[in-house]
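Biologist: I am new to this structure and would love a close look at a single part. Could you pick one serine and then walk me outward from there?

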Amino acid sequence: SIALLSVGGTLTHDGGILQQSQTVGVGSAVHLLQIEDGSSNIKYRGVDLTTDALTDLGLVTVAIEAIDLASGQYCTNTGGGSPTYADRCFTITPANNGPALVRLWALTSELNGIPQANLSVYRSSSGWTELLTNRAAGNDGGAYSYAEGSTPGFSDFLLGH
């Protein structure tokens, strides 16, 4: 059984790491670290993963670290070698590494001036690589913005420009 995360009031993630593990099987669309209240109102968005008819990622662990770039906290140690990115660091670790569509969410206020239309998912694999296949960006009509793209595998990710 899946343990649903819920919060009755306001959830503020302004430091530390939130983590959740959940199975992502063949042909799945799974919301990890999506936290709602008792009335299905979304209070926090994390990562959405969608697999095709052949990919079984197994147990997937998502860790999201909240940082504040303005106060000298960073997701990368590559300085100018990394893209400009939102105030969230994403690590996705599946039991079985394979392809999937990954959507990263952040509060629009966490985008560090990146226009929503310019958001992309970046994966750390021998440097930061922008995921251009199936790239899309948007919002939930509320406080959250996202970018998505198809990834051939998993590691560290950024929501950036």
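Modeller: Let's begin with S28, which is buried, with a relative accessible area of 18%. Here buried means under 20% relative accessible area, exposed means over 50%, and partly exposed lies in between, using a 1.4 Å probe and protein chains only. Please keep in mind that this is a predicted model, in which local features need pLDDT of at least 70 and side-chain atom pairs count only at pLDDT 80 or more, while totals for chains, interfaces and linings use all residues. Residues are numbered from 1 along each chain as its sequence is written, and side-chain values use heavy atoms, leaving out hydrogens and water.

S28 sits in the loop between β1 (16–24) and β2; strands are DSSP runs (E, at least two residues) and helices are H or I runs of at least four, numbered from the N terminus. From that loop, the side chain of S28 reaches the backbone oxygen of G25 at 3.0 Å. That is a polar contact, a pair of N or O atoms within 3.5 Å; within protein, one must be able to donate a hydrogen and the other to accept it, and residues adjacent in sequence count only if both atoms are side-chain atoms. Setting aside residues up to four places away in sequence, S28 touches L49, T50 and T51, where contact means heavy atoms within 4.5 Å.

One of those neighbours, L49, leads us inward. L49 is among the residues with the most contacts inside the largest nonpolar core, which has 31 residues. Such a core is a set of buried Ala, Val, Leu, Ile, Met, Phe, Trp, Tyr and Cys residues joined through side-chain atoms within 4.5 Å. In soluble globular proteins, nonpolar side chains tend to be buried together. Several strands, including β2 (29–32) and β5 (47–50), each supply at least two residues of this core, and β8 gives the largest share, five residues. A second, separate core of seven residues includes L69, Y122, W128 and L158.

V47 is another residue with many partners: among those it touches, not counting residues up to four places away in sequence, are V30, L32, I92 and W105.

Finally, a covalent link. The whole structure holds one disulfide, a pair of cysteine sulfur atoms within 2.5 Å. C75 and C89 form it, with their sulfur atoms 1.9 Å apart. C75 is partly exposed at 24% relative accessible area, whereas C89 is buried at 10%.
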